[in-house]
Amino acid sequence: MKKNDQLIADILDLTYEGNGIAKIDGYPLFVENALPGEKVKLQILKVGKDYGFAKTLEIIEPSPDRQEVKDSRYIQTGIAPLLFLKYDKQLEFKKKQIENVLAKQSLNDIRVLDTVGMKNPFNYRNKAQIPVREIDGKLQTGFYRRHSHDLVPMENFLIQDDGIDELIVMVRDILSKYHVKAYDEATNSGQIRNIMIRKGHFTNQYMVVLVTTREKISALNAIVDEISALDNVVSVVQNINPNKTNVLLGKKNKTLRGFPYIEDKILGNTYRISPNSFYQVNPVQTEKLYQIAIDKADLKGKEVVVDAYSGIGTIGLTMAKRAKKVEGIEIVEAAVKDANRNATVNHIGNAKYQVGKAETVLRDWAHDGKKIDVLMVDPPRKGLDKSLIDALATIKPKKMVYISCNPATLARDLRLLTDIDYSVGSITPVDMFPMTNHVESVTLLTLND
Ligand code: SAH
């Protein structure tokens, strides 16, 4: 078997990345745009030692779970890799992902509930980070083809808020009018790298961040005049990223017009969001996610609650009214500032956020004999640090609510937590990222008596 070979194969399974699996004389092939039960004509893209990659040329026998994809760019770019799977099947797929990883940890008896989905699973994202490149002498915005840095120009991003899509085109055309040069990766030259937009879904406020290679951009004042005159743009920020890097944002932000933040509302509270702070990207599902977390925590008003990996404090501040005290821990200083300000803005006097690594702060607290009733954790993909779990073996919060964006590390951590005497209640998957393979979930753990 070699690159570009074409063959016909049956698809046996679907990986967590949303690729079909075919086996050719026992050799696994990961096939783009193919579903279990389908017979497809495929073309080999890459042959590795233990497995290979292929793309689908023709679907000979389609699965009843397949939905028609009118524009294949959404799959090619990885914007919507699950677009070809019917939405109710996506929700089942996500539930099954969690069940699969639990089984690998011999945690088969934990109950996974049905995935909480969206009524309209499109146009949900409140944030966009769009590369700007020059193609045939024109400024273009779009998305990279998967595994490459070739820009596929596009104006409708399918899963982003429509208002954001429209604003990207308007900002791009203003930049174009003033002859701003697009960044060129090959030569590390040009002026504008990315346009980032954030929207407050419930406030209709927009932030435009121009990610530039340097501070001085010709005609910047006139450009900012035009951008800030667009409807509902309350913040225009310049982020300077001079390095030859894949990291999107540089360290320096300059507010060019309006506020250095936008505001949004979740479950009745107002939040300030700075350009570099983490903020959930699906506002409709965020409210459901947090409500599920609150319900699982079942607070009575007397608890000391810790909000670890707190971002701008949204989870803890949502719970503060039902708790005696909330203490938050977050590693990004700007986000902690936002969190403390958010407490003040919402007249919440019993919540306090500090900068630090969750594992370090909890280790210190374990050492000091601190008591915690309910611990909320919402770590990044790599899950909980082993030292954090060690600290919990000492602190022993009565309850833990674990929000996870990666089932594999969740299952690993649940194994360790059950070993230090926690029982796992049900797991609720919440679809924060429809049409993509990302799986988010909320798990309740209680300390055994
Ligand atoms: N709970 C928040 C944020 C979740 S994202 C919300 O719902 O919006 C995870 C957050 O953890 C990010 O803000 C990230 O900056 C932070 N983080 C990453 N590693 C950390 C660590 N070791 N200790 C504390 N915070 C960390």
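Hi everyone, this is a short tour of two places in one structure: the surroundings of the ligand and the second largest pocket. Please keep in mind that we are looking at a predicted model.

Let's start with the ligand. How many residues surround the ligand? There are 17, and the closest are Q280, Y290, E330, A358 and D378. If you sort that shell by class, you get eight nonpolar, five polar and four charged residues. Two helices are worth finding on your screen: helix 6, covering 314–319, and helix 8, covering 358–368, each bring at least two residues to the shell.

Now zoom in on some oxygen atoms of the ligand. Y290 has a polar side-chain atom 2.6 Å from a ligand oxygen, and for Q280 a polar side-chain atom sits 2.8 Å from a ligand oxygen. T314 joins in too, with a side-chain N or O atom 3.5 Å from an oxygen of the ligand. As for cover, the ligand on its own has 570 Å² of accessible area, and the protein covers 89% of that.

Let's move on to the second largest pocket. Its volume is about 430 Å³. The lining is made by 18 residues, with T15, Y16, E17, Q97 and V101 nearest the centre. Which helix gives the most to this lining? That would be helix 2, with five residues. Helix 2 runs over 87–104, and strand 2 (13–14) and helix 10 (407–419) also supply at least two residues each. By class, the lining of this pocket splits into seven nonpolar, six polar and five charged residues.

That's my tour, thanks for listening!

Notes: Residues numbered from 1 in each chain as written. Predicted model: local features only at pLDDT ≥ 70, side-chain atom pairs only at ≥ 80, totals over all residues. Heavy atoms only, no water. Near = heavy atom within 4 Å. Polar contact = N/O pair within 3.5 Å; in protein donor to acceptor, adjacent residues only side chain to side chain. Areas by Shrake-Rupley, 256 points an atom, 1.4 Å probe, with all protein chains shown as cover. Helix = DSSP H or I, 4+ residues; strand = E, 2+ residues; numbered from the N terminus. Nonpolar A, V, L, I, M, F, W, Y, C, P; charged D, E, K, R; others polar. 1 Å grid on protein atoms, 1.4 Å probe; cavity = no way out; pocket = protein on both sides within 12 Å on 5 of 7 lines; lining within 4 Å. Points joined across faces, edges and corners; volume = space filled by probe spheres on them.
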